[in-house]
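The exercises that follow are meant to be worked with the sequence and the coordinates side by side. Each opens with a task and continues with a solution in steps.

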Amino acid sequence: MAYESSYAKSLTMRESVRSSPPLSVSELQQLLVTGKSILNHADEVWPSLYIGDQDIASSRSELSRLRITHILNCAHSNWRGGADYYKGMGITYLGIEARDSPTFDMSVNFTPAADFIRQALSGGGRILVHCAVGVSRSATLVLAYLMIQEHMTLVDAIKTVKDRRGIIPNRGFLRQLTVLDTNLRYGRRI
């Protein structure tokens, strides 16, 4: 499967990449523009892990078709949806109130989101991580998951995701992911 080949490639590249300096935010943005364009409301970016938008998250029929068992909403608000919307569907829900702003501290959500995604996938579930458009907040938390739980570098995580979905984390989120990458490279607690 293509995912397994990406994972194997990331394992072999990891040591050489870990010894090289991290990319700057501008270099990361250049890397991101070479990926796939956004064409779908949701795309599978890792086995059973989808990034999507609000439209897919509000379509009970599409969620059933994709057999989604978990939803991580990175644009949670009290006035829009929430866990009650999915009652009776067998979906486990986690909502994070995050603004798509370069000044918003998304890093406080990296570990809880990565743990939630890992829990879903390790239990045989299928998870949708979404925000409004599915390119910045949700992508940021999926990248953090791949770094924390799948032991990828930031560059490897971006390459894995961008080949399957167009993503554009804002500059502030990219800075925070760079700090995470540095901390993981040098074994610092996150």
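## Exercise 1: Strand E2 and its partners

Both faces of E2 are covered, since Leu49 and Ile51 on one side and Tyr50 and Gly52 on the other are all buried. The model is a predicted one, and the task is to establish with which strands E2 pairs and in which sense.

Step 1. Begin with E1, which pairs with E2 in the antiparallel sense over 4 bridges. Within this pairing, aspartate 43 stands opposite isoleucine 51.

Step 2. Examine the connection, a hairpin with 2 residues between the strands E1 and E2, in which serine 48 takes a positive phi near 65°.

Step 3. Turn to E5, which is joined to E2 by 4 bridges and runs parallel to it. Two positions illustrate the register: leucine 49 stands opposite isoleucine 127, and isoleucine 51 stands opposite valine 129.

Step 4. Relate the faces to the strand pattern. In a regular strand, side chains alternate between the two faces of the sheet. In E2, Leu49 and Ile51 lie on one side, whereas Tyr50 and Gly52 lie on the other.

## Exercise 2: Assembling the sheet

The task is to determine the order of the strands in the sheet and to state which strands stand at its edges.

Step 1. Take E3 (residues 70–73), in which His70 and Leu72 on one side and Ile71 and Asn73 on the other are all buried, so that both faces are covered.

Step 2. List the pairings of E3. With E4 (residues 92–95) it pairs in the parallel sense over 4 bridges, and the bridge partner of asparagine 73 in E4 is glycine 95. With E5, E3 is joined by 4 bridges, again in a parallel run, and here isoleucine 71 stands opposite leucine 128.

Step 3. Put the pairings together: the result is an open sheet of 5 strands with the order E1-E2-E5-E3-E4 and mixed pairing. E1 and E4 stand at the edges, and because each has a single partner strand, one side of each is left without a neighbour in the sheet. Neighbouring strands are turned by 20° against each other on average, direction ignored.

Step 4. Add a helix. H5 lies across E1, E2, E3, E4 and E5, and runs at about 165° to E3.

## Exercise 3: The nonpolar cores

The task is to describe the largest nonpolar core and to find which element gives the largest share of it.

Step 1. The largest nonpolar core has 44 residues, and those with the most contacts inside it are Leu49, Leu72 and Ile127.

Step 2. The elements that give two or more residues to this core include the strands E1, E2 and E5, together with helices such as H2, H5, H7 and H8. The largest share, 9 residues, comes from H6.

Step 3. Follow one of the central residues. Leaving aside its neighbours within four places in sequence, leucine 72 is in contact with Leu94, Ile96, Ala113, Phe116, Ile117, Ile127, Leu128, Val129, His130 and Leu141.

Step 4. Set apart a second, separate core of 13 residues, which includes Tyr50, Leu63, Leu66 and Ile68.

Step 5. Check one contributing helix, H7, of which 8 of the 9 residues are buried, so it is largely enclosed by the rest of the structure. Its buried residues include Asp156, Thr160 and Lys162 as well as Leu154, Val155 and Ile158.

## Exercise 4: An aromatic cluster

The task is to classify the ring pair of tyrosine 85 and tyrosine 86 and to describe what surrounds it.

Step 1. The ring centres are 5.0 Å apart and the planes stand at 90°; because planes over 60 degrees apart count as edge-to-face, the pair of tyrosine 85 and tyrosine 86 is edge-to-face. A search of the whole structure finds 2 aromatic pairs, and Tyr85, Tyr86 and Tyr93 form one aromatic cluster.

Step 2. Compare accessibility, for which buried means under 20% relative accessible area. Tyrosine 86 is therefore buried, at 5%, while tyrosine 85, at 32%, counts as partly exposed.

Step 3. Add the charged neighbour: the charged end of arginine 60 sits over the ring of tyrosine 85, 5.6 Å from its centre.

Terms used: Residues numbered from 1 in each chain as written. Predicted model: local features only at pLDDT ≥ 70, side-chain atom pairs only at ≥ 80, totals over all residues. Heavy atoms only, no water. Core = buried A, V, L, I, M, F, W, Y, C linked by side-chain atoms within 4.5 Å. Buried < 20%, exposed > 50% of the residue type's maximum accessible area, 1.4 Å probe, protein only. Contact = heavy atoms within 4.5 Å. Pairing = 2+ DSSP bridges. Phe/Tyr/Trp six-rings, centres within 6.5 Å; stacked < 30°, edge-to-face > 60°. Lys NZ or Arg CZ within 6 Å of the ring centre and 35° of its normal. Axes fitted to C-alpha atoms, helices over the stretch in contact; angles between N-to-C directions.
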